[in-house]
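Let's take a friendly walk through a protein model, one piece at a time. Keep the picture at hand and follow along as we go.

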Amino acid sequence: MSAFLDSMISRARSRKQTIVLPEGADPRTLEAAEKVLAADIANVVILGNPEQIAASGFNLEGAQVVNPATSELKEPFAEELARLRAHKGMTYDMALGLVENELYFGVMMVKTGRANGMVAGACHATGDVLRPCLQILKCAPGVKLVSSFFVMVVPNCEYGENGTFIFSDCGLEVQPTAENLAHIAVNSAKSWETIMGTQPRVALLSHSSHGSAKNDDANKVIEAVAEAHRLAPALMLDGELQLDAAIVPSVGKSKAPDSPVAGQANILVFPDLDAGNIGYKLVQRLAKAEAYGPITQGIAAPVNDLSRGCTADDIVGVVAITCVQAQARG
């Protein structure tokens, strides 16, 4: 277990939260639930068929198992969902059909305070996980954009925060504008403060460092840096920076000698989803890094996505992070 994950689990245990796991038909979810319960990390609600879950062979004593199709909460959830989406033309009958879907049911549990957060995505696409979140929970107050990040824990790494980084956005924004990149950067810094409790040092990445290349792609990052400074003047943030200039002190000193961030960044903001998704998977597979996410930021309550290639241990890590996010919301 990495020091990062150990810290997340310890913090989760300190004030236990209730996390709903809607993918009760997935064996990885059930294995993760068994581990979460055994380690006393969180209270767990599993959505699915109770008979099938009981026959799975996993020790889930202490978990609450709920079948959305037969739950007594189905009708009140449908009434509330119809009320929330009435301006979009949703009727009670339409809502009743939706809340039988485990993802909608899980988000309604969070919305009504029956759970503090939700973790899903082991067998659902990101869009399926986030659609009910955006429809029901919406953005947090004062937040313009929902984005995502991975916590990357790289073994035997001297860079970042003892090998720990946030990579953003690796899961949602395909081609962010300069303004959106700025919001991603500022929100990622807030996420770092919530999860890590230390000073965020944000680098907006490019193929260029401080004007070494002149083109539209580099200019987008330069504009994003200016907007991020306007949004959060006190934030330690800089760009455009190449990856080596962002994290390697000697290279940062050479390529960007006046930068407050170069060579010591712990948050890497990628210019688009291609770069972010490729980057995190390269580090995960080649450097054998732990990759937790995609963790969402900007939603009014913590609902986090998973890679469909995740393991049970990955799910446990994201559950612990979700608990820490929920604690921060009070």
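Which residue in E6 is the bridge partner of Val153? Find Val153 and look across to E6: the partner there is Thr164. Before we go further, keep in mind that this is a predicted model.

That pair belongs to a longer ladder. Strand E5 covers residues 147-153, and strand E6 covers residues 164-168. The two are joined by 5 bridges and pair in the antiparallel sense. E5 is also joined to strand E10, which spans residues 290-297. Here there are 6 bridges, and these two strands run antiparallel as well. If you would like a landmark for this second pairing, look for Met152, which stands opposite Ala291 in E10.

Now ask yourself how many of the 7 residues of E5 are buried. The count is 7 of the 7, so the strand is largely enclosed by the rest of the structure. You can check this on each face in turn. Ser147, Phe149, Val151 and Val153 lie on one side, and Ser148, Phe150 and Met152 lie on the other; all of them are buried, so both faces of E5 are covered.

Let's move on to helix H12, made of the 14 residues 273-286. From its first C-alpha to its last it reaches 19 Å, which is close to the 20 Å expected at 1.5 Å a residue. Its buried residues include Leu273, Gly276, Gly279, Tyr280 and Gln284. These cover an arc of only 140° around the axis, which puts them on the same side of H12. Turn to the other side of the helix, and you will find Asp274, Ile278, Arg285 and Leu286 exposed. What covers the buried residues of H12? Among the elements that do so are our earlier strands E5, E6 and E10.

The two ends of this helix deserve a look too. At the N-terminal end, Asp272 acts as a cap: one of its side-chain oxygens lies 3.2 Å from the backbone nitrogen of Asp274. Just after H12 comes Lys288, which takes a positive phi of about 55°.

Two loops around E5 hold further positive phi values. Lys138 sits in the loop between helix H7 (126-137) and E5, and its phi is near 65°, a positive value in a residue other than glycine. Asn156 is found in the loop between E5 and E6, with a phi near 55°. Are these residues exposed or partly exposed? Lys138 has 37% relative accessibility, so it counts as partly exposed. Asn156 has 86%, so it counts as exposed.

Next, look for cis peptide bonds. One joins Ser168 and Asp169, with omega at about -15°; Asp169 lies in the loop between E6 and helix H8 (178-196). Another runs from Gly239 to Glu240, with omega near -5°, and Glu240 lies in strand E8, residues 237-241.

Finally, visit the open sheet formed by 5 strands in the order E3-E2-E1-E4-E11, where the pairing is parallel. Strand E3 (64-66) and strand E11 (303-304) stand at the edges, each with a single partner strand, so one side of each is left without a neighbour in the sheet. For E11, you can trace the pairing with strand E4 (residues 117-119), which is parallel and has 2 bridges. Val119 stands opposite Asn304 in E11, a good spot to end the tour.

Terms used
Residues numbered from 1 in each chain as written. Predicted model: local features only at pLDDT ≥ 70, side-chain atom pairs only at ≥ 80, totals over all residues. Heavy atoms only, no water. Buried < 20%, exposed > 50% of the residue type's maximum accessible area, 1.4 Å probe, protein only. Helix = DSSP H or I, 4+ residues; strand = E, 2+ residues; numbered from the N terminus. Pairing = 2+ DSSP bridges. Expected span 1.5 Å × (residues − 1). Arc of directions from axis to C-beta. Contact = heavy atoms within 4.5 Å. Polar contact = N/O pair within 3.5 Å; in protein donor to acceptor, adjacent residues only side chain to side chain.
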